[in-house]
Structure formats: structure tokens, C-alpha cells
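Thanks for making time this morning. I would like to walk you through one model, beginning with its surface and ending with the chain as a whole.

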Amino acid sequence: MFFDIAELDLGRSYKLLSSCITPRPIAWVVTQSADGRCNAAPFSLFNFFGGYPPVVCLGIGERDGESKDTLRNIEARGDFVINLVSADLAEAMNITATAFEPQVDELEMANLQTSACRHVAVPRITDSPIALECRMRQVIDLDTSGVMLLANVLGVHVNDDVVVNRERCYIDAGRLQLIGRMESPGWYTRTQDRFKLKIAAPQDFVAAGRA
């Protein structure tokens, strides 16, 4: 079945793509307003792109035609933290997705503790197994759907028990027990069920008579 995007509105287009492109990693973003008030919110339009320094990309939609607190805070301060969501933090993450008023501290509502970061003044979520200290690089307007925000990663906090080799940066990702976003409304997936494939070399196909 073919869906012509030109025939869809924003709501149906988002619903279609967010149901097809799964699972999506969740960026649990902590920001601070200009007066130091913390905000936490999850975003599933998120991934990282190679390079040095590493760059992450975050899609931030609008709410009732206005910028969300997350974007306003990032544009005001420049720095923020992306925390990744493990299965045991799913309920707390879901609380912070609530459309609270700007003066409400989502971290407090979800009973989450924070810890200081090294390069940014914004705190990280203590129990998150991975936290990325980020600095805004560029904001790209996406017309009516919001913005695409690019940021440099300045540092990465990783739980000690998942680090296999610090010098070579080997992380046992399976032990992170992260969750991913699936389709709406409210569906998620766990990442414990993994499988491994060998990366083939061209000579493998020659030996098999296929090249």
C-alpha cells in the first residue's frame, strides 16, 4: 500500500513515519531555564552521527504552535544533557513526558535524583546508565513540524559495570537494558533480545562461487 505524503496532514504523516521507523532510541533531555529551573522531557526523534567531536541530532516538535520548554532552554543556555532510558526508568521517563506547565520541575515530579556534570552546568539524571553532556551546534527549522537540533557531545557518563575496556571504549551495550520507542500510543520495546551477524568480506563470496 502506498501513502502519498502530499495527501497527508502533519498528524497523519507523523503517525505513519513514527510507526514505521522503529525502534527509536529515546533522548531523555535535561535542560535549565535562564533562571536555573530544571526541565526533563523524552524525545524519540534522536540519534548520533559519526565524527569528532561526535554530533547528536534531536527532533523537537512544537506544542500548540509554540516552542517547547526544552528548545527554549537550550537556545537560552546552549548546554543540555541527554540521558538514555533503561527499562527500570521507564515509568519515571513516562511521568516527565506529561505536559506540565513551565514552572513544574519534572525531575521532582518523577522523584529523580541528579548529579553534576563536568563540562556543562546542567545536571544529569543519576540513575541513567548513560548521560551525554551536550552543547548546541545548530538549529534547523523544519517548517510546521518543529526543528532539528544538532549538538556536539562534550563528555559521556557511563555506568562502571557496563564498561568492558576503558582505554578502548568497549561498552557491553546489552547490560544497559535500554528501551526504544515504538508506535503510538505508548508502545515501547526492550533491547535484551539480540543476535549477532558476521560481517562478510568480498573474498567470502568468491570462495562460495557467487562472485
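Let us start with charge: in this predicted model, Glu62, Asp64, Glu66, Asp141 and Asp143 gather on the surface in a patch of negative charge. One of these residues, Asp64, can be placed in the fold, since the loop that holds Asp64 runs between strand 6, residues 62-63, and strand 7, residues 66-67. Is Asp64 buried or exposed? Its relative accessibility is 77%, and because the cut-off for exposed is over 50%, Asp64 counts as exposed.

Now to the sheet I wanted to show you, which is an open one formed by three strands in the order 1-15-16, with antiparallel pairing. Strand 1, residues 24-25, and strand 16, residues 188-190, stand at the edges, and each has a single partner strand, so one side of each is left without a neighbour in the sheet. As a reminder, strands of a sheet pair through backbone hydrogen bonds, in either a parallel or an antiparallel manner.

Looking at one of these pairings in detail, strand 15, which covers residues 179-181, is joined to strand 16 over three bridges in the antiparallel sense. Which residue of strand 16 is the bridge partner of Ile179? That partner is Arg190.

Finally, stepping back to the whole protein chain, we have five helices and 16 strands. The C-alpha trace spans about 65 × 50 × 30 Å along its principal axes, and of the 211 residues in the chain, 36% count as buried.

Note on methods:
Residues numbered from 1 in each chain as written. Predicted model: local features only at pLDDT ≥ 70, side-chain atom pairs only at ≥ 80, totals over all residues. Heavy atoms only, no water. Pairing = 2+ DSSP bridges. Helix = DSSP H or I, 4+ residues; strand = E, 2+ residues; numbered from the N terminus. Patch = residues over 30% accessible without salt bridge, like charges linked within 9 Å, V, L, I, M, F, W, Y side chains within 5 Å. Areas by Shrake-Rupley, 256 points an atom, 1.4 Å probe, with all protein chains shown as cover. Salt bridge = Lys/Arg side-chain N within 4 Å of Asp/Glu carboxyl O. Lys, Arg positive; Asp, Glu negative; His and termini not counted. Charge placed at Lys NZ, Arg CZ, Asp CG, Glu CD. Buried < 20%, exposed > 50% of the residue type's maximum accessible area, 1.4 Å probe, protein only.
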